[in-house]
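Q: Could you take me through one part of this model in some detail? I'd like a close look at the place where the ligand sits and what surrounds it.

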Amino acid sequence: MNYHSHSDSNITASFGDALLASLAPNGGLWMPDNIHKFTHVETAKLGAMSFADCAAELARYFVDDRFSDEDLKNICRDAYDFPVPLVTFSDEKLDAATPEIARNYVLELFHGPTLAFKDFAARFMGRAASHIMNKTGDKRTILVATSGDTGGAIGDAFLDQDGIDVFILFPKGGVSKVQEQQLCTMGKAGCNIRAISIDGTFDDCQQLVKDAFADQKMTDRYSLMSANSINVGRVIPQSFYYFWTSLQIKAAHPGVPIVYSIPSGNLGNLTGGLIAKKMGAPIERFVIGNNNNDPFVDYLKTGEYTPRPSVPTLSNAMDIGRPNNFPRILDLHNNDYEAVSEICWGASFSDEETERHMRRVFNETGYVMCPHTAVGHLAMEAFSKDVDLDFVKVVVGTAHPAKFADSVERIIREDVPLPKPLQKAMKKKKRVHVMPPTLEALDAYLALHAA
Ligand SMILES: *Cc1c(COP(=O)(O)O)cnc(C)c1O
């Protein structure tokens, strides 16, 4: 499989080279040249496999010949050693129009080591990158801007890997207490993961990473690699769980259309879903939930795309004013607004609405949602009121509520127990470097710490 730059299809690369380069030389985003569409017979077979084995089969169509089928099976079985549950809870009272409980699911994508869906992409990407680097002896410096969850997932996936240094840039005061603790306690002191608290917003962090990549001197000197969803290696694995879970649901509800609701920020998760649909996953529509940072929802409603500075919200992992996968979504639909808006439907919600919803769901069902998942759940409710369609609802649960314990406990007025990996992180001493959002400061810090 070859990849091309979304802004110039003459610029091409293999999967491995696109992965290590992160961006095309013209600054474009790498896109797969084609997306294999599976037949009904093939999809039925894939749905009957374990998630890890299905992922390995799908991955075959996206990688290059440096990966054997056996390699992919090993990578996926090793990466995906945790459950991918579709859970139901009684929300009859929340939605009298569809009393069938069994048609309402939350796809809990937060049972990996860092308790957010980012683990799915990070763990595949980390293993794929080291597979190639072991063959070539390359070294890389990973820069990752995080609104809270990516940094942890990437840090965990690359911890103690030879030839790789990871620098995690997060907005000072812009991530939850638990997230900050997790980001600043990865591995041992002196390990290859370093957390940097940027005096600015997430957009500043993301801009800083982009500026570093645009600086040829820095790119060459440090062999920079991005682990944000501008990297195609982050996006491809996010198609695997849509593909596999939609087949599980189809088997349980034959003939009923399936709609996923995705709480979105940079739109990487949605891009994964759209790729899965192109591969033949039985998915009817995608609902997109935004917080007050909603340029994509606005685009869906009006056809006008206006990126803008991000504002802080309760669902901080989605505080993104300039979603970096927007060009990919256009590219997948030949820049046709009609085509995008036929598949995607969106709505945005204030923090107040999100809080009220979290409290209501908890009081009526006992189910605790993280604020992001709650935005997706609200969007699904709004969608089902808007359409006359009998369908299976799948809300994508993007993070474990305990990652946002400070706000979740305040909202539901109940303790949220921390799962084991977080308990461990909470006991460790934080290691963090505070820095202004300037390229000079970043360059100076990398000069000291990048191998
Ligand atoms: C990253 C993240 C999102 C947003 O995902 P995108 O792929 O950036 O749209 C939503 N919820 C949580 C908990 C996240 O960590």
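What follows is a walk through the ligand site, from the space that holds the ligand to the contacts around it.

A: Sure, and keep in mind that this is a predicted model. Let's begin with the empty space in the protein. The structure has four cavities of 30 Å³ or more, and the largest cavity comes to about 260 Å³ in volume. Its lining is made up of 23 residues, and Phe117, Lys118, Gly265, Asn266 and Ala317 are the ones closest to its centre. Sorted by class, that lining has twelve polar, eight nonpolar and three charged residues. As for where they come from, domain 3 (85–111 + 236–417) and domain 4 (116–233 + 419–451) each give at least three residues to the lining of the largest cavity.

Now put the ligand in: the largest cavity is where the ligand sits. The shell around the ligand counts 15 residues, with Lys118, Asp149, Gly265, Asn266 and Asn269 the closest. So much for the names; by class, this shell has seven polar, six nonpolar and two charged residues. Both domains turn up here too, with at least three shell residues from each of domain 3 (85–111 + 236–417) and domain 4 (116–233 + 419–451).

On to the polar contacts. With Lys118 it's the side chain that takes part: one of its N or O atoms is 2.7 Å from an oxygen atom of the ligand. Asn266 uses its backbone instead, with a polar atom there 2.8 Å from a ligand oxygen. Leu267 also brings in its backbone, where an N or O atom lies 2.9 Å from an oxygen atom of the ligand. As for how covered the ligand ends up, it would expose 380 Å² taken alone, and the protein buries 98% of that.

Put together, Lys118 and Asn266 are worth having on screen: both are listed among the residues closest to the ligand, and both are also listed among those closest to the centre of the largest cavity.

Technical notes:
Residues numbered from 1 in each chain as written. Predicted model: local features only at pLDDT ≥ 70, side-chain atom pairs only at ≥ 80, totals over all residues. Heavy atoms only, no water. Near = heavy atom within 4 Å. Polar contact = N/O pair within 3.5 Å; in protein donor to acceptor, adjacent residues only side chain to side chain. Areas by Shrake-Rupley, 256 points an atom, 1.4 Å probe, with all protein chains shown as cover. 1 Å grid on protein atoms, 1.4 Å probe; cavity = no way out; pocket = protein on both sides within 12 Å on 5 of 7 lines; lining within 4 Å. Sits in = over half its atoms within 2 Å of the grid points. Nonpolar A, V, L, I, M, F, W, Y, C, P; charged D, E, K, R; others polar. Domains from an automatic or database assignment. Points joined across faces, edges and corners; volume = space filled by probe spheres on them.
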